[in-house]
Amino acid sequence: MTVKIMDLNLKNKTVLVTGSTLGIGNRIAETFLREGARILINGRDEEKITREKNRLIRQFGEDRVFAFTGDMTELGKIKACQKYVHDIWGHLDILVPCLGTGKAVSDERLDLMEWEHMMRCNLYASIDLIREFTPLLEKGDEANIVLISSVVAYERANAPYAYAAAKRAVLALCGYMAEDYAHKKIRVNCVVPGNVFFEGGRWEELQKADPEGTKRYVKENVPMCRFGRPEEIADAVVFLASARSSFTTGAALVVDGGQKRSI
């Protein structure tokens, strides 16, 4: 039997992945590059951005790797990034707002400052990015947006209330935008990760603090009995952004090892 290779048709596509110096965002950017796309990586730390840009350039070439340093929870930085994309490409094909944190800043789960922090990082920043980059996406080729939610949007877990609410709102945003943006010829989909472990991530921090408790949590809550890997989330994102998913919009692709139990 002849094995056919799936061509994702992403060669020379222009892609912005925010929060891409570490973890899931970093692996998403690298996976797009492996598929032939051109990437703008982003992060807040100039030293990390420079190091990661140079690493990717050595592997994929300087004509395919660009970088923008700035906090994408700040509207001014988003506008500056939009101008930079306009200057280097003139359009954008794929936007992946990979932003968010589940780490609480207050022990009080109903503290409004905590809610504002979580909403800004996990929801509002994505809304600002989409609004500001829509004009460039409208000029793109088979343009689409892939949002990042979380399994806590579906399943009750030991997570901050505001984090779960923000990630649930991302699902609603995806569903509502899909119809409206279809008229702009822009697809909108969402990937819903489960518990993903990577160096420097939240789960590494929790595991160091309570190794046995973390192991027990994963065993009791994840049918596959392990953490997810960043590349497993990246593969889902890249597929949804590709031509092989051209009739898919408004979808939420869950990648969680079976943790989501609702049908």
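**A colleague's notes on this model**

1. Let's start with a cysteine. With a relative accessible area of 0%, C81 counts as buried. Keep in mind while you look around that this is a predicted model.

2. How many disulfides does the structure hold? The count is zero. Take C81 again: this cysteine is in no disulfide, and the nearest cysteine sulfur, that of C98, is 14 Å away. C121 tells a similar story, because its sulfur sits 13 Å from the closest cysteine sulfur, in C98, and that is too far for a bond. For scale, two cysteine sulfurs have to be within 2.5 Å to count as a disulfide. C121 is buried too, at 14% relative accessible area.

3. Now for the charged pairs. The structure holds 16 salt bridges, and three of them make good examples to click on. Begin with R55 and E52, whose side chains meet with a nitrogen-to-oxygen distance of 2.5 Å. Where do R55 and E52 lie? Both belong to helix α2, which covers residues 46-60, and they are three residues apart, about one turn of the helix.

4. Are R55 and E52 buried or exposed? The two partners get different labels here: R55 is partly exposed, at 28% relative accessible area, whereas E52 is buried, at 11%. The label changes because buried means under 20%.

5. Next, hop over to helix α3, residues 75-88, where K83 and D87 sit four residues apart, again about one turn of the helix. Their side chains form a salt bridge, N to O, at 3.0 Å. As for D87, a relative accessibility of 49% makes this residue partly exposed. That value falls just short of the exposed class, because exposed means over 50%.

6. The third pair is E232 and R229, joined by a salt bridge of 3.0 Å from N to O. This bridge has company: salt bridges with shared partners link R27, R226, R229, E231 and E232 into one network. Both members of our pair are partly exposed, E232 at 22% relative accessible area and R229 at 38%.

7. Is there any empty space inside? Here is the idea behind the search: rolling a probe the size of a water molecule over the atoms shows where empty space is left. In this model, one cavity of 30 Å³ or more turns up, and the space in the largest cavity comes to about 30 Å³.

8. Which residues line the largest cavity? They are P97, L99, N122, S126, L147, I148, K167 and V170. Three elements each give two or more residues to this lining: α4 (112-137), β5 (144-148) and α5 (161-182). By type, the lining has five nonpolar residues, two polar ones and one charged.

9. Last stop, the greasy part. As background, nonpolar side chains in soluble globular proteins tend to be buried together. The largest nonpolar core here has 35 residues, and those that touch the most other members are L40, L92, L95, I130, F133, I145 and L147. Elements giving two or more residues to this core are β3 (65-69), α3, α4, β5, α5 and β6 (187-193). Which element supplies the largest share? That would be α4, with eight residues.

10. One residue worth a second look is L147. This leucine appears in the lining of the largest cavity, and it is also among the core residues that touch the most other members. Try colouring α4 as well, since you can follow this helix through both the cavity lining and the core.

Note on methods:
Residues numbered from 1 in each chain as written. Predicted model: local features only at pLDDT ≥ 70, side-chain atom pairs only at ≥ 80, totals over all residues. Heavy atoms only, no water. Salt bridge = Lys/Arg side-chain N within 4 Å of Asp/Glu carboxyl O. Buried < 20%, exposed > 50% of the residue type's maximum accessible area, 1.4 Å probe, protein only. 1 Å grid on protein atoms, 1.4 Å probe; cavity = no way out; pocket = protein on both sides within 12 Å on 5 of 7 lines; lining within 4 Å. Points joined across faces, edges and corners; volume = space filled by probe spheres on them. Nonpolar A, V, L, I, M, F, W, Y, C, P; charged D, E, K, R; others polar. Core = buried A, V, L, I, M, F, W, Y, C linked by side-chain atoms within 4.5 Å.
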